Amino acid sequence: MSARDLFCQPRRARHGAALTLVFASVLVAGAATGWFGETVRRTPDAGAATPAGHSEAVTEAAERAMADGKSPMEAAERAVSRSGDRWSAVYSQGEYQEFQEALDGRYTGVGLSARRERDGRIEVTQVQPGSPAAAAGIRGGDRLRSVDGKDVDGRPVTEVVSLLRGDSDGAAAGTRVRLGLERGTHLWSEELRRARLSTDSVTVRRLAGGVTLIRIAAFTKGSGDLVRDAVDHAPGRGGIVLDLRGNSGGLVTEAVTAASAFLDGGLVATYDVDGAQRALHADPGGDTSRPLVALVDGGTMSAAELLTGALQDRGRAVVVGTRTFGKGSIQMPSRLPDGSVAELTVGHYRTPSGHGVDGRGITPDLEAGDEVLERAETVLSGLGDAS
């Protein structure tokens, strides 16, 4: 089963998922680090089964190009582009390796998370503490105007991520990258050195009244167990706020493990692959008594939506915030003749009640904007002490 997800705009035909089944959703979290996608941790074989339809067309295009002495990857990208499926993607060998490392919570970059605004501008959303970007004084809300002299306005976030990491040059830790930045009316540039960084996918802090705030930035390897550990060590019977805002995906298996922290077994989601129906179930023994509120927004995607839908449909959590992104398609990757990987859409997942997430998202139980955390604490106080 696939456990990775990438919910955002993929770099046209270059980024998607990487192992066996993928609920594609871009994960830009972790700053210019790359994409995470929902997928099973298995490297696709050259002879692995591939979905029908345009999957065969992509594979055949790559094989013809190889036979003609041309680039299989470029041929596959053109075939994917013609398919009209914006979530299908093609990875080079290097990108695929970077992607797998990102799923393990490691990456080479500068420590920026970014998003594209409606007008096409690229805005810095977060800066990882201790990163090169943090040392340079860059902060959330700054506008990223260029990378090594290349204007980034209007580019997909994944392209910007690739420029920051230096994917095309195979840039390693210690290589330099120059950023053009804007803060209000101030324009300036910074030269940074890329570094080997790790993501803190799960952070925990205590709020007033014995409430525990668990923030999941991404579903990287081990994040599900970290959530369960946080629940086990929450004080008394105090409530929990599960912050999934800005979580654009990760390993689906980790999202299911996180769901298991709050459910006593049962259905988490269903999904189809080429028409065959399958299901994901939580492990028994989760904490079902603590009051629980899940925070979501338009940046909550893919595996994070899968978790949100399970908790909402099962009546386990009150969901507070704004409508989620709406990415619930599944990709299947296969190895191309030159070692690159094509990842193509084969199906979609649904929440326990049968709600299709793709293109729709999840509507919160309680709408809230900037005051979302305060609303969550109010909801918890209304739910009362779990004891």
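## Charged surface, paired side chains and buried elements

Arg64, Lys70, Arg78 and Arg82 form a positive patch on the surface, a patch being made of residues with over 30% relative accessible area and no salt bridge, with like charges joined within 9 Å. Lys and Arg count as positive and Asp and Glu as negative, with His and the chain ends not counted, and the place of a charge is taken as NZ of Lys, CZ of Arg, CG of Asp or CD of Glu. Accessible areas come from the Shrake-Rupley method with a 1.4 Å probe, and for residues only the protein chains shown count as cover. The model is a predicted one, in which local features need pLDDT of at least 70 and side-chain atom pairs count only at pLDDT 80 or more, while totals for chains, interfaces and linings use all residues. Residues are numbered from 1 along each chain as its sequence is written, and side-chain values use heavy atoms, with hydrogens and water left out.

Within the patch, Lys70 sits in the loop between helix H1 (54–67) and helix H2 (72–83), where helices (H or I, at least four residues) and strands (E, at least two) are DSSP runs numbered from the N terminus. With a relative accessible area of 55%, Lys70 is exposed; the term means over 50%, whereas buried means under 20% and partly exposed lies in between (1.4 Å probe, protein chains only).

Side chains of opposite charge can pair when their charged atoms come close. The structure holds 17 salt bridges, each being a side-chain nitrogen of Lys or Arg within 4 Å of a carboxyl oxygen of Asp or Glu. Arg115 is joined by a salt bridge to Glu117 at 2.8 Å, N to O, and by another to Glu123 at 3.4 Å, N to O. Arg115 is partly exposed at 42% relative accessibility, as are Glu117 at 27% and Glu123 at 22%. Elsewhere, salt bridges link Arg143, Arg145, Asp153 and Glu182 in a network.

A further pair lies within a helix: Asp225 and Arg228 form a salt bridge whose closest N and O atoms are 3.1 Å apart. Both belong to helix H6 (residues 223–232), where a spacing of 3 residues is about one turn of the helix. An α-helix has 3.6 residues a turn, so residues three or four places apart point the same way. Asp225 is partly exposed at 44% relative accessibility, and Arg228 is partly exposed at 29%.

The buried side of the structure can be followed from helix H5 (residues 157–165), which is largely enclosed by the rest of the structure because 7 of its 9 residues are buried. The buried residues are Val157, Thr158, Val160, Val161, Ser162, Leu164 and Arg165, and their cover includes helix H3 (93–103), strand S4 (106–109) and strand S9 (176–183). Just after H5, Gly166 takes a positive phi of about 75°.

Ile214, in strand S13 (residues 212–216), is buried at 0% relative accessibility. Leaving aside neighbours within four places in sequence, its contacts (heavy atoms within 4.5 Å) include Val202, Val227, Ala230 and Leu242. Ile214 and Val227 are 13 residues apart along the chain, with their C-alpha atoms separated by 7.3 Å.

Asn247 is also buried, with a relative accessible area of 0%, and is found in the loop between strand S14 (240–243) and helix H7 (252–260). Not counting residues up to four places away in sequence, Asn247 touches residues including Ile216, Phe219, Gly299 and Met301. Asn247 and Ile216 are 31 residues apart in sequence and 6.8 Å apart in space, C-alpha to C-alpha.

Terms used
Patches are made of residues with over 30% relative accessible area and no salt bridge: like charges are joined within 9 Å, nonpolar side chains (Val, Leu, Ile, Met, Phe, Trp, Tyr) within 5 Å.
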